[in-house]
Amino acid sequence: MTALPDRMRPPRAEGWFAEDLDRLPEAPRHTELIDGALVFLMWPQRSWHGRLVTGLTTALMAEAPAGFEIEREMTIRLDARNRPEPDLLVTTAPYDPDRTWYTPEEVQLVVEVVSPESAHRDRTVKLRKYAEAGIPHYWCAEDEAGLPVVHVYELDRPTGAYAPAGIFRGTFRRTVPFEVGLDLDGLLPPRRA
């Protein structure tokens, strides 16, 4: 077991706060804050995950109209003790090269590409937290026999929870947060037999 250096221990008894992430340059890449606890990505990412995130990023950037920006692996400050890092987000905030996080009000869509090690957080914890923060749209991309399947959720404002809005395989078409049409299977290189 590896011991944490003193500088990685919580600065207070209550744990970590959102602003602490910007003061942790020694934290591993992709460090998130969930309920005051640091969550580290300590395992290698599968090629499938990285390729799908890159494919979705490129496709959404090509389809996003003026006024929308696509960001990859940027945190969202949901509240004082939660700052998750989705794989992608769509924001209406203007590009700022020094930005390190977004507020929920600036985010129109969050996209998580599920890995075996993130499945519980992506399917339950983040789904609930993003909805409670008021983010209008959530897509959760899963690996189904090597091909992407995207589960789409929309915020039901009266309940403050996400409602399922579709499951997409092969072809993906949505009109919100902007008009988008994707060939999901084409986002990944073809598999060799």
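Here are some exercises on the structure above, each with a worked solution.

The model is predicted, so local features need pLDDT of at least 70 and side-chain atom pairs count only at pLDDT 80 or more, while totals for chains, interfaces and linings use all residues. Residues are numbered from 1 along each chain as its sequence is written, and side-chain values use heavy atoms, leaving out hydrogens and water.

**Exercise 1. Find the residues that touch the most other members of the largest nonpolar core, and the elements that build this core.**

Step 1. Start with the term: a nonpolar core is a set of buried Ala, Val, Leu, Ile, Met, Phe, Trp, Tyr and Cys residues joined through side-chain atoms within 4.5 Å. Buried means under 20% relative accessible area, exposed over 50%, and partly exposed in between, with a 1.4 Å probe and protein chains only.

Step 2. The largest core has 25 residues, and Leu52, Leu56, Trp139 and Phe172 touch the most other members.

Step 3. Two or more residues come from each of helix H1 (47-63) and strands E5 (88-91), E7 (107-113), E8 (137-144), E9 (147-156) and E12 (180-183). Helices (H or I, at least four residues) and strands (E, at least two) are DSSP runs, numbered from the N terminus. With six residues, H1 gives the most.

Step 4. Another core lies apart from this one; its 19 residues include Met74, Tyr102, Val114 and Ala119.

**Exercise 2. Compare the span of helix H2 with its expected value, then look for a kink.**

Step 1. The expected span is 1.5 Å times one less than the number of residues.

Step 2. H2 (residues 119-132) has 14 residues and should span 20 Å; its end C-alpha atoms are 19 Å apart, which agrees.

Step 3. H2 nevertheless has a kink of about 40°, centred on Lys126. The bend at a residue is the angle between axes fitted to the seven residues ending there and the seven starting there.

Step 4. Lys126 is also one of the buried residues of H2, among them Val125 and Leu127.

**Exercise 3. Locate the unusual backbone geometry in three loops.**

Step 1. Recall the background: most residues other than glycine have a negative phi, and most peptide bonds are trans.

Step 2. Asp35, in the loop between strands E1 (32-34) and E2 (37-39), has a positive phi near 55°. Its relative accessibility is 45%, so Asp35 counts as partly exposed.

Step 3. Ala145, in the loop between E8 and E9, has a positive phi of about 55°. At 74% relative accessibility, Ala145 counts as exposed.

Step 4. The Val176 to Pro177 peptide bond is cis, with omega near 5°; Pro177 sits in the loop between strand E11 (171-174) and E12.
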